[in-house]
Amino acid sequence: MPELGDDARMGSISRYIFRTTSSAFLIVLVSLTALIWVTQALRDFDLMTNQGQTILVFIGITGLIVPLLILVIAPIALLIAVAHVLNRLSTDSEIIVMNAAGMSPWLLFRAFMTVAVVVSLLVTAISAYFAPKGLRMLRDWLTEVRANVVSTIVQPGRFTSIENGVTIHIRERRNNGQLVGIFLDDRRNPAERITVLAEAGELLDNDNGTFLVLQKGIVQRHELKERDPAMVGFERYAFDLSQFAGGPQAVKYSIRERYLWQLMFPDPKDQFYIEQPGQFRAELHDRLIAPLYPLAFVVIAFTYLGAPRTTRQSRTLSMAGAIGGVALLRLIGFASTVFGATMPWMLSLQYVAIVAAFGFGLFVIRRGLIVEPPAFLTNWLAALTDRISQRFAAT
């Protein structure tokens, strides 16, 4: 029975660590993603405003980059969450109590790795499908916007030429999408000039095309053979904009916008693949190794912070070591991807770095060792801190 009690107790601790780490991970992930998303979304705010879209459409369109942001941020958010939980367990002396109760660091490490596996699966799904899917949808929308004449004319205060001989000016665009103070000049017909002035108008997009529906205005037609123009007032007047819109454009997806299986088995006739086979190869390896980073980050964090320490032993340098190890690993991966496009052998460096991180970390954790900074570095930092403290005390 004691063994069952020990197993139950360890299971409760594992569930507690899983729940605490997962909560911290979600908080950090949502916070960082929202912050970066806002900075990215603001760049497209003017375009969405000019298009007259609602805030919900704006959020939906700009939200298509969220999967890509999560792909980059998730491993970092997991590192922050694990470091936070380990630091709190150490501050409250819970790690020491667990160790005294016979719970080895390896069992504690397994609880954190459970969270890392879940995050790794999330990164795998996003890397293989959801991130490219979001970027593809965004590309489709931007292509449609560029092909739509509406995106070029709805710019208040500017005279815009939408085609040779056709000029439009809009004084103001209101929040509800209504256009105010519209001037339209059509000189495409050499024998006739048409000028339209309207108090207001709106854009109408339906199955028949795109129309500028004008309200309460005047149409002035001036034939060159006539001295005076003919002027006609109207309550509603529809001007067809579809004739100026470009036809359907073929969408060309970039390498980052390809699904994982398209990178693994590229079409030999693909123009991007023919011109940039190295970029395809580098992107493929970057996608394949992405799910390993959450696991490696947890191993590195636990290697430096997971061992039991007394309250007299500073964890500051250990925290710095964990951050430095993660930064070095990610830097190697980034450099490997960038230079691997032209030097294929460089792609192997990221795998070597991952294996080295796993090998060193698992060895230390399994043996229950404490990774300490060199004594000379600790003594130097302590002396430096004392001198700074004495200087501030003297002033």
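**View 1. Two closed cavities turn up in this predicted model.** Searching the whole structure gives 2 cavities of 30 Å³ or more. The largest cavity holds about 60 Å³ of space, and the second largest has a volume of about 40 Å³.

**View 2. Here is the wall of the largest cavity, which encloses about 60 Å³.** Its lining is made up of Ile95, Met98, Asn99, Met103, Ser104, Pro105, Leu108, Gly306 and Pro308. Two elements each supply two or more of these residues: helix 5 (94–100) and helix 6 (105–147). Helix 5 gives the most, with 3 residues. What sort of residues line the largest cavity: nonpolar, polar or charged? They split into 6 nonpolar and 3 polar, with no charged residue in the lining.

**View 3. Now for the second largest cavity, at about 40 Å³.** Around this one sit Pro105, Phe302, Thr303, Gly306, Ala307, Val364, Ile365, Gly368 and Leu369. The elements giving two or more residues to the lining are helix 11 (292–305) and helix 13 (347–367). The lining of the second largest cavity comes out as 6 nonpolar, 3 polar and no charged residues. If you're flipping between views, look out for Pro105 and Gly306: they line the largest cavity, and they also line the second largest cavity.

**View 4. Helix 10 packs against helix 12.** Helix 10 covers residues 277–289 and helix 12 covers residues 316–340; their axes are 8 Å apart, at an angle of about 155°. Because of that angle, helix 10 runs roughly antiparallel to helix 12. Which residues make the contact? From helix 10 come Arg281, Ala282 and Asp286, and from helix 12 come Arg330, Thr337 and Gly340. Sorted by type, the contact residues are 1 nonpolar, 2 polar and 3 charged.

**View 5. One stacked aromatic pair, out of the 10 aromatic pairs found in the whole structure.** The pair is Tyr129 with Trp261. A pair of aromatic rings is described by the distance of the centres and the angle of the planes. For Tyr129 and Trp261, that's 6.4 Å centre to centre and 20° between the planes. How many residues apart are the two partners? They are 132 residues apart, so to speak a link between distant parts of the chain, with Tyr129 in helix 6 and Trp261 in helix 8 (residues 260–264).

**View 6. The largest pocket offers about 520 Å³ of space.** It is lined by 21 residues, and those closest to the pocket centre are Leu71, Val72, Asp286, Tyr293 and Arg330. Two of these are familiar from the helix packing view: Asp286 of helix 10 and Arg330 of helix 12 take part in that contact. Helix 4 (66–91), helix 6, helix 10, helix 11 and helix 12 each give two or more residues to the pocket lining. Which helix gives the most? That's helix 4, with 6 residues. By type, the pocket lining divides into 14 nonpolar, 2 polar and 5 charged residues.

Notes: Residues are numbered from 1 along each chain as its sequence is written. This is a predicted model: local features need pLDDT of at least 70, side-chain atom pairs count only at pLDDT 80 or more; totals for chains, interfaces and linings use all residues. Side-chain values use heavy atoms; hydrogens and water are left out. On a 1 Å grid over the protein atoms alone, a cavity is a set of points where a 1.4 Å probe fits but cannot get out, and a pocket is an open set with protein on both sides within 12 Å along at least five of seven lines; lining residues have an atom within 4 Å of a point. Grid points are joined across faces, edges and corners, and a volume is the space filled by probe spheres set on the points. Helices (H or I, at least four residues) and strands (E, at least two) are DSSP runs, numbered from the N terminus. Ala, Val, Leu, Ile, Met, Phe, Trp, Tyr, Cys and Pro count as nonpolar, Asp, Glu, Lys and Arg as charged, and the others, Gly among them, as polar. Axes are lines fitted to C-alpha atoms, for helices over the stretch in contact, and angles run from 0 to 180 degrees between N-to-C directions. Angles under 35 degrees count as roughly parallel, over 145 as roughly antiparallel, 65 to 115 as roughly perpendicular and the rest as oblique. Contact means heavy atoms within 4.5 Å. Rings of Phe, Tyr and Trp (its six-membered ring) pair if their centres lie within 6.5 Å; planes under 30 degrees apart count as stacked, over 60 as edge-to-face and the rest as tilted.
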